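Hi everyone, thanks for coming. I'll put the sequence and the structure up now, so take a moment to turn it around before I start talking.

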Amino acid sequence: MDHKTLPTLLAERSANHEQEVALRQKQLGIWHEVTWGEYSKKVNQLSIILSEYFDFYKGERLAIIADNRQEWVYTQLAAQSLGGVTVGIYPESLPEQIIFYLNDCKARIVLVDNQEQVDKLLGIEEQIPLVEQIIFFNKQGMRHYKHPKLVDFEDLLSDGILLLQDKAKFLVDPPEEVLENDPAIIAYSAATSGMPKGVILTHANLIDAAEGLLAIDNVKTKDDYFSFLPFAWIHEQILGIVTPLIKGVVVNFPERPHTVLGDLREIGPHTLLAPPRVYQSIMSSFTNRIEGASKFKKTIYNFFKKFGDKAARAELNKEPINFVDKAMYVLGDIIVFSAIRDHLGLARVKRAYVAGAALHPEAFYFYHSIGVNLKQTYGGTEVAGIAFVQRDKDVRAGSSGKALPNTLAKIGEDGAVYIKNSAVATNYIGGESTHGGDGWISLGDCGHLEDDGHLYVLDRLEDIIIAENGQVIYPRLIENKLKSNPYILEAVCFGQNKPYVTAMINMNWNSMGRWADKQRIAYTDYGELAKNNQVIEFLEQQVSLLMKDLPSFARVEKFTLLHRPFSIEEGELTRTYKIRRNFIEDRYRVLIDGMYTERESISVGSSEMDNVRVVQLNREQEVTL
């Protein structure tokens, strides 16, 4: 039997590439490098500590609540080298969410990065009775903490060096043999509805998922990868931990979450992974900068932009482009687009993956117009990340790409997308099967497959709207259309058994703020700006223009501009910024129902949502195209 596991991959890479750089961590403005040899040594030090000090055993679960740092990967590989299972928890999780995760996965040991996470755990200590040890690696503010469960990460590493000297046999003859089909991690699903489910993924699942992606994209040894999305997200596990072990990619960690954009520009990675919201934010920020640029810069950009747009449409729509337009695009790339990519930190990007949800087509045209190889993917936790990806030179706006080489796909009678491959997890925590026993799994989406293999995902099955007249409406398509506007950050559409479609909208605070400043509108915060009549009327115009491109039955007729943005903390978004539609429908039921009356304003029941204005779009926009 092939015993290829994540620890054996690390051992092989360390043995063959000991002095090559594996990780970079930015600290106090300086990038510190870690070689594969150092990486392996740290893992060995922690491994013997977990075994000797904490009696960590095969199959046991260790939870990690931290930002992406080298300490996370050391601890994960150390636990896995003993046959243990690591459970990633998003660092922004609220105490009640942490209680659920830790009790659900039954972790005895928890690694955290700082005082904030320690305080969270100590504050809920009585509600997480299984937790015996809390290991922390950022000492700032921790000097006077004397709790018996607290352990300093650096002290453990130092003790590990001494233990390995006394027990050298530990590395040659570890306590338990780890096999490829042993569990490696537990990753929790996004939970857009209901409670999150812990998916048990084996070493084989993770490695097969990474190798399937590597078979498509020519990732090279020593390529740079920028890891800023939480390792609790399965996609980041594959790109930030598993792929580097297989291929020798260098993983770069930002200093802090708020330094991500600056650190991205410094590294200029070859591969990037992000959910749609990140790419939307970068695009909106760039649009704002262009609007505020000098007349000369704006003129130069706008002149070459039309050639960038032509080149992007030719590429994405498989249309011909004449010699003059192509030559002007090349010239524009030299003068303008290369500088834009450099400014955004995308100068060296060979592939920028969109994961977690679909990005609206307009964004694809923008990124490809400036020379960024943006590629949509499709997958999920139960299939160990990415199962479909767009191929280079075969990117289509709206498509989720083609299945990876080791993946089969089919569409069920109900329109559901079904996937089958060796990366599919078998069970959730508690033993519940992830599929019906035949290996085929649905992630809950509906769509269609083209003859050439391109998958088009339409929406979540549970989110499809059946209008009062029986018309089938896919809200995601409308929402993506709305979010393509730089002044709209988020949108949620409704209309189940109703005569027309309505929407709740979050404005883009940065873009809207810049517009308001130009209009000399005085405001102090988000809520005040969202209540401003000029802002509402401006957004009414924007939404009306967007609706012209949609068939009459799918057009939004009324919308409300919320006085605060949806948030993760309020439970309205998942940790990867997916809308939790059922939660929002329950929370804002009064507001939604009010949009199907003649009322002009609605109060949700809180001071921050007092007198939300209902905007009726111009009926003239409802002419069928």
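Let me begin with one cut-off: a disulfide here is a pair of cysteine sulfur atoms within 2.5 Å. Keep in mind as well that what you're looking at is a predicted model.

So, how many disulfides does the structure hold? Zero. Take Cys 446: its sulfur is 15 Å from the closest cysteine sulfur, the one in Cys 493, and that is too far for a bond. Cys 446 is a buried residue, by the way, with a relative accessible area of 4%. Cys 105 counts as buried too, at 0% relative accessibility.

Okay, on to the salt bridges. Side chains of opposite charge can pair when their charged atoms come close. In this model there are 35 salt bridges. One of them joins Lys 26 and Glu 266, with 2.9 Å between the closest N and O atoms. Why is that pair worth a look? Lys 26 sits in strand S1, residues 21-27, while Glu 266 sits in helix H10, residues 260-267, so the bridge ties together parts that are 240 residues apart in sequence. Are the two partners buried or exposed? Lys 26 is buried, at 6% relative accessible area, whereas Glu 266 is partly exposed, at 48%.

Here's another one: Lys 149 and Glu 125, whose closest N and O atoms are 3.3 Å apart. Both residues are in loops, Lys 149 between strands S6 (133-136) and S7 (150-152), and Glu 125 between helix H5 (115-123) and S6, so this pair connects parts 24 residues apart in sequence. Lys 149 comes out as buried, with 18% relative accessible area, and Glu 125 as partly exposed, with 23%.

There's also a network, where salt bridges link Lys 318, Asp 394, Arg 396, Lys 402 and Asp 452.

Let's go back to S1, since we've already met Lys 26 in that strand. Five of the seven residues of S1 are buried, so the strand is largely enclosed by the rest of the structure. Which strands does S1 pair with? With S2, residues 30-35, S1 pairs in the antiparallel sense over six bridges. In that pairing, Arg 24 stands opposite Glu 33. The hairpin these two strands make has two residues between the strands, and Leu 28 takes a positive phi there, near 50°. With S11, residues 250-253, S1 runs parallel, and three bridges join the two. Leu 23 is the residue that stands opposite Val 251 in S11.

Now scroll along to strand S24, residues 488-494. How many of its seven residues are buried? Seven of the seven, so to speak: S24 is mostly covered. S24 and S25, residues 501-507, run antiparallel and are joined by six bridges. If you want a spot to click on, Val 492 stands opposite Met 504 in S25. This hairpin has six residues between its strands, and Gly 495 takes a positive phi, near 155°. There's a salt bridge to find around here as well, between Lys 483 and Glu 490, with the closest N and O atoms 3.2 Å apart. Both Lys 483 and Glu 490 are buried.

Next up, the nonpolar cores. The largest one has 110 residues, and Tyr 39 and Tyr 367 are the ones with the most contacts inside it. Which helix gives the most to this core? That's H2, residues 36-52, with seven residues. If we leave out residues up to four places away in sequence, Tyr 367 touches Tyr 279, Ile 282, Met 283, Leu 346, Val 372 and Leu 374. A second core, separate from that one, has 34 residues, and Ile 465, Cys 493, Val 543 and Ala 554 are among them. You'll remember Cys 493 from the start, as the cysteine with the sulfur closest to that of Cys 446.

Last stop: helix H3, residues 70-81. From its first C-alpha to its last, H3 reaches 17 Å, close to the 16 Å expected at 1.5 Å a residue. Twelve of its twelve residues are buried, including Trp 72, Tyr 74 and Leu 77, but also Glu 71 and Gln 76. After H3 comes Gly 83, which has a positive phi, near 85°.

That's my tour, so let's have your questions.

Conventions
Residues numbered from 1 in each chain as written. Predicted model: local features only at pLDDT ≥ 70, side-chain atom pairs only at ≥ 80, totals over all residues. Heavy atoms only, no water. Salt bridge = Lys/Arg side-chain N within 4 Å of Asp/Glu carboxyl O. Helix = DSSP H or I, 4+ residues; strand = E, 2+ residues; numbered from the N terminus. Buried < 20%, exposed > 50% of the residue type's maximum accessible area, 1.4 Å probe, protein only. Pairing = 2+ DSSP bridges. Core = buried A, V, L, I, M, F, W, Y, C linked by side-chain atoms within 4.5 Å. Contact = heavy atoms within 4.5 Å. Expected span 1.5 Å × (residues − 1).
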